[in-house]
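Open the model in your viewer and keep the selection tool handy. We will go from one stop to the next, choosing something to highlight and then looking at what is around it.

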Amino acid sequence: MSQVTPRRIAVIDVGKTNAKVVLIDATDRAQLAARSTPNHVRSDGPYPHADTERLWAFILSSLTEIGAEFGIDGISITTHGATGALLAGDRLALPVLDYEFGGPDELASEYAGVRPDFSGSFSPALPNGLNWGAQLFWQARSFPEQFAEVSAIVPYAQYWAWRLTGVLASEVTSLGCHTDLWSPDKADFSSLVDAMGWRHLFPPVRPAASVLGALLPDLAEITGLATATPVTVGIHDSNASLLPHLGAQEPPFTIVSSGTWTIVMTVGGDTSGLDAGRDSLANVDAFGRPVPTARFMGGREFDLLVPEIATPSVAEVARVIADDIQVLPSFVPGVGPFSDQQGRWTVAPETLSAGERTAAVSLYLALLARAAMALCGLGRSITLEGPLARNTLFSSALSQLTGVPVRASGDSTGTSLGASLLFGGQAAHSALREPVPPLAVEGFDAYVSRWTERVGG
């Protein structure tokens, strides 16, 4: 940790769908400014990949604009997982692969022979490039000349930290998020890394909550920021959402971090209930400890299933439950607690009002979240971060389903707030709201029973 906490912290938050630069005031954890841009995937080149140069231009312009208006005393970084960069000196040896690309599956049988057991990595075999180790294996086999030039393998957050500071590092929250590259119980690289001869390519592991270096002088000149502006090592986004709660709540407790992915994490939970076949795993928190986790693509499914968002009326919610209007998993193949099932509606969705459709999908996501908690454990309380914290039907249904207090975080950018804490300090937990009342609609328990029977538990 740095000894003096910068007051105005710019957080670079690269999500799968959108990238943001958010300014957080460290005194009260208020958001002072924000810039956002869609995170497009490029389809040119050898495979679908991140548009890193467009993102870099956005980051620099955002730092310039926010710095000119408010001032910036420090920079922190958080990014989505399942992503990293292959560096050849001061450039990319290969583009940053998009984890939704199916190329790594071409070598799945060969990769299965070298990937570590779930009991050691707590990392399940996932489709496409969701295991970063599978990406690296596919890139090494498919592009041997370019891979031979690789001088460093860095997680995605640390790639951006390197571009800002010129200093290379690895970090455990990014290494430990279903990558196959890390053994949480040993706090060391997995057998895969040594089997492939990659250990020397990973820079030294540094704590997320530490300063990596100062902003490079040429970037200070471009942005107008001070050359002494400190930059943190950076953190995986789900763990950024988790960070404000570590040490502030009594374990076990459950955090639901939502965005493109809905990540359910139970701090102080037991890893014995994790199921490699149902998209559950152990993340690694900022202090290197395993955190039982289960996931599904809640934001992606909501966008697919709800073309027009409308706040459902009480009558619309009651009608959805009484008429058995249900959504069954899964509309994103290969992920979630029911990854092997084909998503469907029990009625034709085009016959529903926008409110009814929103209600049915909100209940569906609450049922998926409950199923996820059956895998990673249920804490004494549940805290919601991100967009689902603003979905009152989801919150009240989850409260009824679990029987524990469910609170919506008052912070709409949980990952950005958490990343700002890498400089030290504690979150303003007064932002946690009162528990939402459980959903009290006649017939809901029978509705849940029918859904559970349809999905097979």
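Start by selecting Gln135 and showing its side chain. Is Gln135 buried or exposed? Its relative accessible area is 1%, and the cut-off for buried is under 20%, so Gln135 counts as buried. Keep in mind that you are looking at a predicted model. Gln135 sits in helix H4, which covers residues 132–142. Now display what surrounds it: leaving out residues up to four places away in sequence, Gln135 touches Ala82, Thr83, Leu97, Tyr99, Pro104 and Gly129.

Next, select residues 156–165, which form helix H6. How many of its residues are buried? The count is ten of ten, and you can click through them from Tyr156 and Ala157 to Leu164 and Thr165, with Trp160 and Trp162 among them. Step just past the end of H6 to find Gly166, which has a positive phi near 80°.

Move on to helix H11, residues 298–305. Colour Gly298, Gly299, Glu301, Phe302 and Leu305, the buried residues of this helix. Look down the axis: these residues span an arc of only 165°, so they are on the same side of H11. For background, an α-helix has 3.6 residues a turn, so residues three or four places apart point the same way. Turn to the face away from the buried side, and you meet the exposed Asp303 and Leu304. To see what covers the buried residues of H11, show strands S16 (262–267), S18 (290–296), S19 (327–328) and S20 (344–345), together with helix H13 (354–376), all of them part of that cover.

H13 leads to the next stop, the largest nonpolar core. This core has 53 residues, and Leu363, Leu365 and Phe444 touch the most other members. H13 gives the most to the core, with 15 residues. Select Phe444 and, setting aside neighbours within four places in sequence, look for its contacts: Ile321, Leu363, Ala397, Gln400, Leu401 and Leu439. Apart from this core lies another, of 38 residues, including Val14, Ile77, Tyr159 and Trp162.

Finish with the empty space. Searching the whole structure turns up three cavities of 30 Å³ or more, and the largest holds about 100 Å³. Which residues lie nearest the centre of the largest cavity? Select Lys16, Asn39, Ala50, His80 and Asp98, which belong to a lining of 13 residues. By class, that lining is made of six nonpolar, five polar and two charged residues.

How values were computed:
Residues numbered from 1 in each chain as written. Predicted model: local features only at pLDDT ≥ 70, side-chain atom pairs only at ≥ 80, totals over all residues. Heavy atoms only, no water. Buried < 20%, exposed > 50% of the residue type's maximum accessible area, 1.4 Å probe, protein only. Helix = DSSP H or I, 4+ residues; strand = E, 2+ residues; numbered from the N terminus. Arc of directions from axis to C-beta. Contact = heavy atoms within 4.5 Å. 1 Å grid on protein atoms, 1.4 Å probe; cavity = no way out; pocket = protein on both sides within 12 Å on 5 of 7 lines; lining within 4 Å. Points joined across faces, edges and corners; volume = space filled by probe spheres on them. Nonpolar A, V, L, I, M, F, W, Y, C, P; charged D, E, K, R; others polar. Core = buried A, V, L, I, M, F, W, Y, C linked by side-chain atoms within 4.5 Å.
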